[in-house]
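Here's a quick briefing to read alongside the model. Keep the 3D view open and click on each residue as it comes up.

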Amino acid sequence: MNTSNQQRIEEYRVLSEPFYLPQGNEVELALAAAREQLPLLLKGPTGCGKTRFMRYIAWRLGRPLITVSCHDDLSTSDLIGRYLVKGMEAMWLDGPLTLAVRHGAICYLDEIVEARKDTTVVIHPLADDRRELPVEKLGMIYAAPAEFMLAVSYNPGYQSVLKDLKPSTRQRFVSLSFSYPRPDLESRIVMSEGKIDEPLAARLVRLAGMTRSLKESGLAEGASTRLLIQAAQLLRQGLDIRSACRAGIIESLTDDPELLEAMEEMVQSIF
């Protein structure tokens, strides 16, 4: 491993234990999958802790975690790598997937359904028993070491015919379903991460539960645990409760005037 790649991979190490409260046996399942060299598929709503979970698993395994936020313009070269011209010569730069494969890291493709279908096909030989990555531009096929792990995630709430994982992709994975934590756990998370007291955290969680009930009224998705922590952080800086909830939670959920008014009333009723 050359010095530049060694420096790059070290940047992805999770050096301290992330705060994570298990909701079930998801940690044991993920560690078992890692031991058997099986890829992971995480399903769940926005802000429910999927990325935090992967950071925790990387810390438990002592492996670097390379996260890729997928989007419509993500190309195969973005994942695999490309030649860059430096001076008078062309130099190869590993993409995040190649870097993870070559150095036994975890590669986490967040919101994989947002990537183009021709891009996601590249993970197929890594996600089955071949565990190999063809790099056509180099004329190489890299065999993944035992330490390499592939993980992907998506939000089923935003599924559509055009944005869904093909059966040929999803059936390669061990799948874990995530949801928002039950209220007592979510209060502990908000209290710990937002550095606020338990009664206030519990009221924020109650507000989140009320917003989540608005899906039938047209709200795409209710308040995530992440938004509750944001509001708690604003409160910690001395903002009043209504301002913190509006800026940290409500305005991030919708622009619809009626839904905004309904959630303002929720804040008033709770606080």
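At what angle do α11 and helix α12 pack, and how far apart are their axes? The angle is about 140°, and the axes of α11 and α12 (residues 257-270) lie 10 Å apart. Before you go further, bear in mind that this is a predicted model. The bullets below start with the whole protein, go on to the helix pairs, and then visit single residues.

**The whole protein**

- You'll be looking at 12 helices and 9 strands in this protein.
- Its C-alpha trace spans about 65 × 45 × 40 Å along the principal axes.
- Out of 271 residues, 48% are buried.
- Take the contacts with a separation of 6 or more: 72% of them come from residues 24 or more positions apart.
- The exposed area of the protein is about 13600 Å², and 50% of that is supplied by carbon and sulfur atoms.
- On the charge side, there are 32 positive and 36 negative side chains. The centres of these two sets are 4 Å apart.

**Helix α11 and its two partners**

- Let's finish the pair from the opening question: α11 passes α12 in a right-handed crossing.
- On the α11 side of that pair you'll find R242, C245 and R246, and they meet L260, E264, V267 and Q268 in α12.
- Helix α11 (residues 241-248) also packs with helix α10 (residues 225-236), at an angle of about 145° and with the axes 8 Å apart.
- The crossing of α10 past α11 is right-handed. From α10, the contact uses L227, Q230, A231, L234 and L235, while α11 brings in I241, A244, A247 and G248.

**A115 and S75, far along the chain but 8.0 Å apart**

- Find A115 in the loop between β5 (106-110) and α6 (117-120).
- Is A115 buried or exposed? It's buried, because its relative accessible area is 7% and the cut-off for buried is under 20%.
- Leaving out neighbours within four places in sequence, A115 is in contact with C70, H71, L74 and T120.
- Now hop over to S75, which sits in the loop between β2 (65-69) and α4 (76-80). The two residues are 40 apart in sequence, yet A115 and S75 are 8.0 Å apart in space, C-alpha to C-alpha.
- S75 has 17% relative accessibility, so it counts as buried too.
- Which residues does S75 contact, leaving aside neighbours within four places in sequence? They are R82, R116 and T119.

**A glycine pair**

- G95 has its place in the loop between β4 (89-94) and α5 (96-103).
- With a relative accessible area of 5%, G95 is buried.
- How many residues apart in sequence are G95 and G81? The answer is 14, while in space they are 3.8 Å apart, C-alpha to C-alpha.
- G81 is one of the residues that G95 touches once those up to four places away in sequence are set aside; D78, L79 and I80 are the others.

**In and after helix α8**

- S187 belongs to helix α8 (residues 183-194).
- This serine, S187, is buried, at 7% relative accessibility.
- Setting aside neighbours within four places in sequence, S187 is in contact with E198, A201, A202 and V205.
- D197 is in the loop between α8 and α9 (198-212).
- Why does D197 count as partly exposed? Its relative accessible area is 48%, and partly exposed covers the range between under 20% and over 50%.
- For a long hop across the model, go from D197 to Y142: they are 55 residues apart in sequence and 50 Å apart in space, C-alpha to C-alpha.

**Two residues with a positive phi**

- Q37 isn't a glycine, but it has a positive phi of about 60°.
- You'll spot Q37 in the loop between α2 (26-35) and β1 (40-43). At 33% relative accessibility, it counts as partly exposed.
- E111 isn't a glycine either, and its phi is positive at about 55°.
- Look for E111 in the loop between β5 and α6.

Methods
Residues numbered from 1 in each chain as written. Predicted model: local features only at pLDDT ≥ 70, side-chain atom pairs only at ≥ 80, totals over all residues. Heavy atoms only, no water. Helix = DSSP H or I, 4+ residues; strand = E, 2+ residues; numbered from the N terminus. Buried < 20%, exposed > 50% of the residue type's maximum accessible area, 1.4 Å probe, protein only. Contact = heavy atoms within 4.5 Å. Areas by Shrake-Rupley, 256 points an atom, 1.4 Å probe, with all protein chains shown as cover. Lys, Arg positive; Asp, Glu negative; His and termini not counted. Charge placed at Lys NZ, Arg CZ, Asp CG, Glu CD. Axes fitted to C-alpha atoms, helices over the stretch in contact; angles between N-to-C directions. Left-handed = near helix turned anticlockwise from the far one by under 90°.
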